[in-house]
Amino acid sequence: MKAARPGAADNSFTGNSIQNSTDDGFDISGDNNTVSGNIMSNNAGAGIYSKSSANDNNYNGNTVSTNVNQGIAIFGPNNKISDNRIKDSGSAANNNGIYLS
């Protein structure tokens with residue numbers, strides 16, 4: 001599966017496997033979404049990238065591994081991150097399992 005780019009609000013993304021994408025696994029720009037129980041691995045960007053326009057989202061129970069950039073990168077307010085498994089994501093210059101801005 002290629003990268004998922006949900007921009008809509010009030011959705012649930014569960015049980016997906018996003019691997020070997022040429023970009024981020026999930027690229028979230030909408031509000032009130034739930035991303036749970038997904039696998040994001042070997043992606044050229046972050047496993048999960050949540051833009052500054054993405055608010056009040058829940059990221060829980062995901063497995064994120066071996067992505068070039070951060071495992072999970074969050075730029076918007078009021079997002080909840082819990083019970084995720086993050087391994088071997090981020091280059092030496094950008095080595096963050098979870099990045100909050």
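The largest nonpolar core of this predicted model has 12 residues. Its members are F13, I18, F26, I28, V35, M40, I48, A54, Y59, V64, I72 and I74. Strands β3 and β9 each supply at least two residues of this core. In soluble globular proteins, nonpolar side chains tend to be buried together.

Two core members, F26 and M40, were examined further. F26 lies in strand β3. Its relative accessibility is 1%, so F26 counts as buried, the limit being under 20%. F26 and M40 are separated by 14 residues in sequence. Their C-alpha atoms are 8.0 Å apart in space. M40 touches F26, leaving aside residues up to four places away in sequence. On that basis, the contacts of M40 also include the core residues I18, I48 and V64. G25, G47, N62, T63, S65 and N67 complete the list for M40.

I39 lies in strand β5, which spans residues 39-41. At 38% relative accessibility, I39 counts as partly exposed. Residues up to four places away in sequence again left out, I39 touches N16, S17, I18, Q19 and T63. I39 and T63 are 24 residues apart in sequence. In space, 4.8 Å separates the two C-alpha atoms. T63 and I18 are also among the contacts of M40.

The sheet was considered next. Four strands form an open sheet, in the order β3-β6-β9-β12. The pairing is parallel. The edge strands are β3 (26-28) and β12 (98-100), and each pairs on one side only. From one strand to the next, the twist averages 5 degrees. Strand β9 covers residues 72-74 and is joined to β12 by 3 bridges. These two strands run parallel. Here I74 stands opposite L100 in β12. I74 also belongs to the largest nonpolar core. Strands of a sheet pair through backbone hydrogen bonds, either parallel or antiparallel.

Charged contacts are few in number: a search of the whole structure finds 1 salt bridge. The side chains of K51 and D27 meet in this salt bridge, at 3.7 Å from N to O. The pair links distant parts of the chain, 24 residues apart. K51 sits in the loop between β6 (48-50) and β7 (58-60), whereas D27 is in strand β3. The two partners differ in burial class. D27 is buried because its relative accessible area is 8%, under the 20% limit. K51, at 34% relative accessibility, counts as partly exposed. Side chains of opposite charge can pair when their charged atoms come close.

Aromatic contacts were also searched. The whole structure contains 3 aromatic pairs. In one of them, the rings of F75 and Y99 have their centres 5.6 Å apart. Their planes stand at 50 degrees, so the pair is tilted. F75 lies in the loop between β9 and β10 (80-82), and Y99 in strand β12. The pair therefore ties together parts that are 24 residues apart in sequence. F75 is partly exposed, with a relative accessible area of 26%. Y99 is partly exposed too, at 31%. Ring pairs link Y49, F75 and Y99 into a cluster.

Key: Residues numbered from 1 in each chain as written. Predicted model: local features only at pLDDT ≥ 70, side-chain atom pairs only at ≥ 80, totals over all residues. Heavy atoms only, no water. Pairing = 2+ DSSP bridges. Axes fitted to C-alpha atoms, helices over the stretch in contact; angles between N-to-C directions. Core = buried A, V, L, I, M, F, W, Y, C linked by side-chain atoms within 4.5 Å. Buried < 20%, exposed > 50% of the residue type's maximum accessible area, 1.4 Å probe, protein only. Contact = heavy atoms within 4.5 Å. Salt bridge = Lys/Arg side-chain N within 4 Å of Asp/Glu carboxyl O. Phe/Tyr/Trp six-rings, centres within 6.5 Å; stacked < 30°, edge-to-face > 60°.
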